[in-house]
Amino acid sequence: MPTRPLISAAVVGRANRGRVLQALFDLGPTSRAELARYTGVNRSTITAIVQPLVDNGFLLEGAPLPAGGAGGKPARPLTLSPTASPIGAVQVLQGRVRSALVSMTGDILAQDTRRLPVTGRRAREATDAIGASLEAVLAAAKRPPFGVGVAVGGMVDTDRGSIVEVNLAPALDGLALGPALASRIGLPVLLDHHPRALLLGDRWFGPGRGISTFAVLYTGEVLGGALMLGGHLHRGPAGAGGELGHTFVQVDGELCRCGRRGCWETIATLDWLRRRAAEAGLPDAARISTAKLCRLAAKDPAAARLRDTYARNLAVGIANLQQTLAANRYVLHGDAARGGEPFATAIQQHARDLVPEHPGGRPTVVLGGDDDRAALLGAAGLVLSDQLQFTV
Ligand SMILES: [Zn+2]
């Protein structure tokens with residue numbers, strides 16, 4: 001039976017420290033007095049929390065700002081230190097692994113990319129390649145890293161830190177990658193689903209900064225997503241949630257690669273777009289992308305019609321999410337994001353047409369930042385959330 005420990009003084013201390021650090025992430029440079037106001041405690045309580053963090057170099061205290069008219073001590077803004085202990089981040093892709101050393105301020109300090117053997121029974125080789133890539137970036141750390149976050153583009157078991165299944169990468173199926181890396185490098189390792197890493201990258205360092213409810217959608221060869229609801233990253237048991245690509249949008253619809261029919265993925269990924277582009281006689285249909293489709297749409301009515309249908313197909317799933325969870329803000333990553341603002345606006349318009357108005361808000365579709373960078377920052381965000389007791 002899972003235990004439910006009572007709150008000890010040590011746990012309260014870590015939780016309060018997490019809240020203060022989270023406030024610094026969300027607000028940017030902030031003085032002790034402002035932090036006290038924001039968190040509803042007195043200044044001496046804030047000092048008791050932040051002083052050890054200033055002393056050990058985790059936080060920096062800036063030069064005193066000119067005193068305001070009210071007198072009192074001049075404010076010295078606190079910021080996270082770019083030279084505090086860094087975080088290891090790994091992104092496991094089909095046939096490729098990318099690792100980075102990430103600072104607390106979201107800067108990538110070192111990077112490594114290498115080939116990943118994923119076909120056949122090569123789990124040992126794959127683990128060695130990932131471990132070697134990670135070690136290459138950890139070697140650049142000037143202080144002992146906090147831990148390592150791993151983002152995997154496939155089904156994962158977040159309780160065990162293992163990969164359940166990755167499409168077209170059988171060497172990784174069932175691989176207990178988290179424990180294997182943890183014993184190799186002697187640091188805590190947290191493993192999660194790629195879209196959830198994107199969401200944390202956006203939450204801590206991107207367009208979701210300071211926002212407590214929003215969703216991320218990743219499109220391309222597959223479709224995935226993740227949800228931040230009321231300040232909590234929703235995972236579901238063992239990370240089973242968020243398989244948005246396989247939610248049904250069409251009863252008895254097209255056959256999906258998962259073996260079921262009518263999944264959202266069957267109408268809102270590049271595979272669908274290539275087939276429909278070929279049917280419409282568009283040039284180079286086998287290599288179409290949303291960006292290319294949007295360029296063609298400016299001069300070809302058939303491309304413009306396909307672009308609109310594709311935007312609607314993406315909006316259908318967003319409308320379902322909006323009706324179920326009212327996430328309101330949907331951050332696009334992957335191929336669809338490269339359609340730019342006009343394509344995001346087209347998806348948004350269709351989503352709004354499909355959902356009745358409500359005073360709680362309407363779906364808004366925005367573009368996420370660079371995918372690879374967001375995934376690496378998000379993998380680091382897994383560690384921030386866990387090791388620093390942030391409230392996700
Ligand atoms: Zn499916």
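# Worked exercises on a predicted model

Let us begin with helix α6, residues 194-205: at 1.5 Å a residue, its twelve residues should span 16 Å, and its end C-alpha atoms are indeed 16 Å apart, so expectation and model agree. Keep in mind throughout that the model is predicted.

## Exercise 1: The setting of helix α6

**Task.** Work out whether helix α6 is largely enclosed or open, and which residues of α6 are buried.

**Solution.**
- Step 1. Take the cut-off: a residue is buried if its relative accessible area is under 20%.
- Step 2. Go along the helix. H194, P195, R196, A197, L198 and L199 are among the buried residues of α6. L200, G201, D202, R203, W204 and F205 are buried in α6 too.
- Step 3. Draw the conclusion. Twelve of the twelve residues are buried, so α6 is largely enclosed by the rest of the structure.
- Step 4. Look at the rings. W204 and F205 belong to a cluster with F25, linked by ring pairs.
- Step 5. Add a partner from another helix. L384 lies in helix α11. With a relative accessibility of 1%, L384 counts as buried. L384 and W204 are 180 residues apart along the chain, yet their C-alpha atoms are separated by 8.9 Å.

## Exercise 2: An aromatic pair between two helices

**Task.** Decide how the rings of Y310 and F343 are arranged, and what the pair ties together.

**Solution.**
- Step 1. Start from the total: the model has five aromatic pairs.
- Step 2. Pick out Y310 and F343. Their ring centres are 6.1 Å apart, with 25° between the planes.
- Step 3. Compare with the cut-offs. Rings pair if their centres lie within 6.5 Å, and planes under 30 degrees apart count as stacked. The pair of Y310 and F343 is therefore stacked.
- Step 4. Place the residues. Y310 is in helix α9 (residues 301-325) and F343 in helix α10 (residues 340-354), so the pair ties together parts 33 residues apart in sequence.
- Step 5. Check the surroundings: both Y310 and F343 are buried.

## Exercise 3: The zinc site

**Task.** Find which protein atoms hold the zinc ion as donors, and what arrangement they make.

**Solution.**
- Step 1. List the donors. They are ND1 of H246 and the SG atoms of C256, C258 and C263, lying 2.0 to 2.3 Å from the zinc ion.
- Step 2. Use the angles. The four donor atoms subtend angles of 105 to 119° around the zinc ion, which makes the arrangement tetrahedral.
- Step 3. Read the spacing along the chain: the donors follow H-x9-C-x1-C-x4-C. H246 and C256, ten residues apart, are both in the loop between β12 (232-234) and α7 (270-279).
- Step 4. Compare accessibility. H246 counts as partly exposed at 25% relative accessibility, whereas C256 is buried, with a relative accessible area of 6%.

## Exercise 4: The loop between β12 and α7

**Task.** Describe where G236, A238 and L244 lie and how accessible they are.

**Solution.**
- Step 1. Place them. G236 is in the loop between β12 and α7, as is A238, and L244 lies there too.
- Step 2. Sort by accessibility. G236 counts as partly exposed at 25%, and A238 counts as partly exposed at 24%. L244, by contrast, is buried, with a relative accessible area of 9%.
- Step 3. Turn to the backbone. Most residues other than glycine have a negative phi. A238 has a positive phi near 55° and is not glycine.
- Step 4. Find another such residue. D284 also has a positive phi of about 55° without being a glycine. D284 sits in the loop between α7 and α8 (290-297) and is partly exposed, with a relative accessible area of 40%.

## Exercise 5: The largest pocket

**Task.** Say how many residues line the largest pocket, and which element gives the most to the lining.

**Solution.**
- Step 1. Note the volume, about 1,000 Å³.
- Step 2. Count the lining: 37 residues, with G153, G154, Y218, E221 and V222 nearest the centre of the pocket.
- Step 3. Name the elements that give two or more residues: β3 (87-93), α6, β10 (214-219), β11 (223-229) and α11 (371-387).
- Step 4. Pick the top contributor. β3 gives the most to the lining, with three residues.

Methods:
Residues numbered from 1 in each chain as written. Predicted model: local features only at pLDDT ≥ 70, side-chain atom pairs only at ≥ 80, totals over all residues. Heavy atoms only, no water. Phe/Tyr/Trp six-rings, centres within 6.5 Å; stacked < 30°, edge-to-face > 60°. Helix = DSSP H or I, 4+ residues; strand = E, 2+ residues; numbered from the N terminus. Buried < 20%, exposed > 50% of the residue type's maximum accessible area, 1.4 Å probe, protein only. Expected span 1.5 Å × (residues − 1). Donors = N, O, S within 2.8 Å, 3.2 Å for Na, K, Ca; no water. Tetrahedral: all angles 85-135°; square planar, octahedral: opposite > 155°, others 65-115°. 1 Å grid on protein atoms, 1.4 Å probe; cavity = no way out; pocket = protein on both sides within 12 Å on 5 of 7 lines; lining within 4 Å. Points joined across faces, edges and corners; volume = space filled by probe spheres on them.
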